[in-house]
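Please consider the model shown below. The paragraphs that follow lead from one loop residue to the nonpolar cores, then to a second loop position and the largest pocket.

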Amino acid sequence: VFDLLYCDTYDLRQTPLAERKELLRRILRPDAHIRFSDHQSEHGKELFELARHEGLEGIIGKRADSPYVGGRSGHWVKVKVTKTLDAVVGGWTAPRAGRTQFGSLLLGLYDGEKLRFIGHVGSGFGNEALQVIADNLRGREIAKCHFDAVPDTNEKAFWTRPELVVRVRFTGWTQERRLRHPVFLALREDASAEDCRWE
């Protein structure tokens, strides 16, 4: 339990967070199913580095003097641990949502000689990057999928020679070994597809 909004008919939403948490700590009786979600004051950088080291998604920063707000506000912020990766483009999907070039890029990493599908990236592209990548893809289009298994896609898939490399930012890996929340950062014209491997 990380916050207390009401207590004994009193509305505590305008009470500062630090006071709400202290009252919660005093009245809560933790057991095997309930525990108090503690906090760290003035050690955000250290806590963030610990989250990064442990492979966690990130931390939440909260203003100690903030009231409780039901919607989004600047009082609470998510600070996500992100990673970057260079991946091989093995294909793309048909465009949607107003785009004309492509919907998303289908990405892979080499595992030995096999190109394993690791997910798709459809966000982070500026207009110039969309056009440059689309031109590169169409010049490399082929009929055969180079992934070791044909991936399921939401839109029609097209295949390309696995030569292009892109850098993406992501928050982690799913159990299926897919990128979690990937965002396109750059086309890596200086990188070799053969160097994009599982670590």
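Helices and strands are taken here as DSSP runs, with at least four residues for a helix and at least two for a strand, numbered from the N terminus. In these terms, Thr 171 of this predicted model sits in the loop that joins β10 to β11 (172–173). Is Thr 171 buried or exposed? Its relative accessible area is 9%, and because buried means under 20%, Thr 171 counts as buried. Once residues up to four places away in sequence are set aside, Thr 171 touches Lys 80, Val 81, Thr 82 and Lys 83, as well as Arg 180 and His 181.

The nonpolar interior comes next. In soluble globular proteins, nonpolar side chains tend to be buried together. The largest nonpolar core in this model holds 34 residues. Those that touch the most other members are Phe 102, Leu 105, Leu 107, Ile 118, Phe 125, Leu 137 and Val 166. At least two residues of this core come from each of β5 (83–93), β6 (105–111), β7, α3, β10 (165–170) and β13 (183–187). There is also a second, separate core of six residues, among them Leu 12, Leu 24, Leu 28 and Phe 36.

Phe 102 can be followed in further detail. Beyond its neighbours within four places in sequence, Phe 102 is in contact with Trp 92, Thr 93, Ala 94 and Pro 95, and also with Phe 125, Leu 130, Ile 133, Ala 134 and Leu 137.

A second loop position is Gly 122, which lies between β7 (114–121) and α3 (127–138). Gly 122 is classed as partly exposed because its relative accessibility is 28%, a value that falls between the 20% and 50% limits. With residues up to four places away in sequence left out, Gly 122 touches Arg 99, Gly 103 and Ser 104. From Gly 122 to Pro 95 the C-alpha distance is 9.8 Å, while the two residues are 27 apart in sequence.

The last topic is empty space. Rolling a probe the size of a water molecule over the atoms shows where such space is left. The largest pocket has a volume of about 690 Å³. It is lined by 21 residues, of which Asp 38, His 39, Gln 40, Ile 60 and Lys 62 are the closest to its centre. Which elements supply at least two residues each to this lining? They are α1 (17–27), α2 (44–53) and β3 (58–62), and β3 gives the most, with four residues. By class, the lining comprises eight nonpolar, seven polar and six charged residues.

Note on methods
Residues are numbered from 1 along each chain as its sequence is written. This is a predicted model: local features need pLDDT of at least 70, side-chain atom pairs count only at pLDDT 80 or more; totals for chains, interfaces and linings use all residues. Side-chain values use heavy atoms; hydrogens and water are left out. Buried means under 20% relative accessible area, exposed over 50%, partly exposed in between (1.4 Å probe, protein chains only). Contact means heavy atoms within 4.5 Å. On a 1 Å grid over the protein atoms alone, a cavity is a set of points where a 1.4 Å probe fits but cannot get out, and a pocket is an open set with protein on both sides within 12 Å along at least five of seven lines; lining residues have an atom within 4 Å of a point. Grid points are joined across faces, edges and corners, and a volume is the space filled by probe spheres set on the points. Ala, Val, Leu, Ile, Met, Phe, Trp, Tyr, Cys and Pro count as nonpolar, Asp, Glu, Lys and Arg as charged, and the others, Gly among them, as polar. A nonpolar core is a set of buried Ala, Val, Leu, Ile, Met, Phe, Trp, Tyr and Cys residues joined through side-chain atoms within 4.5 Å.
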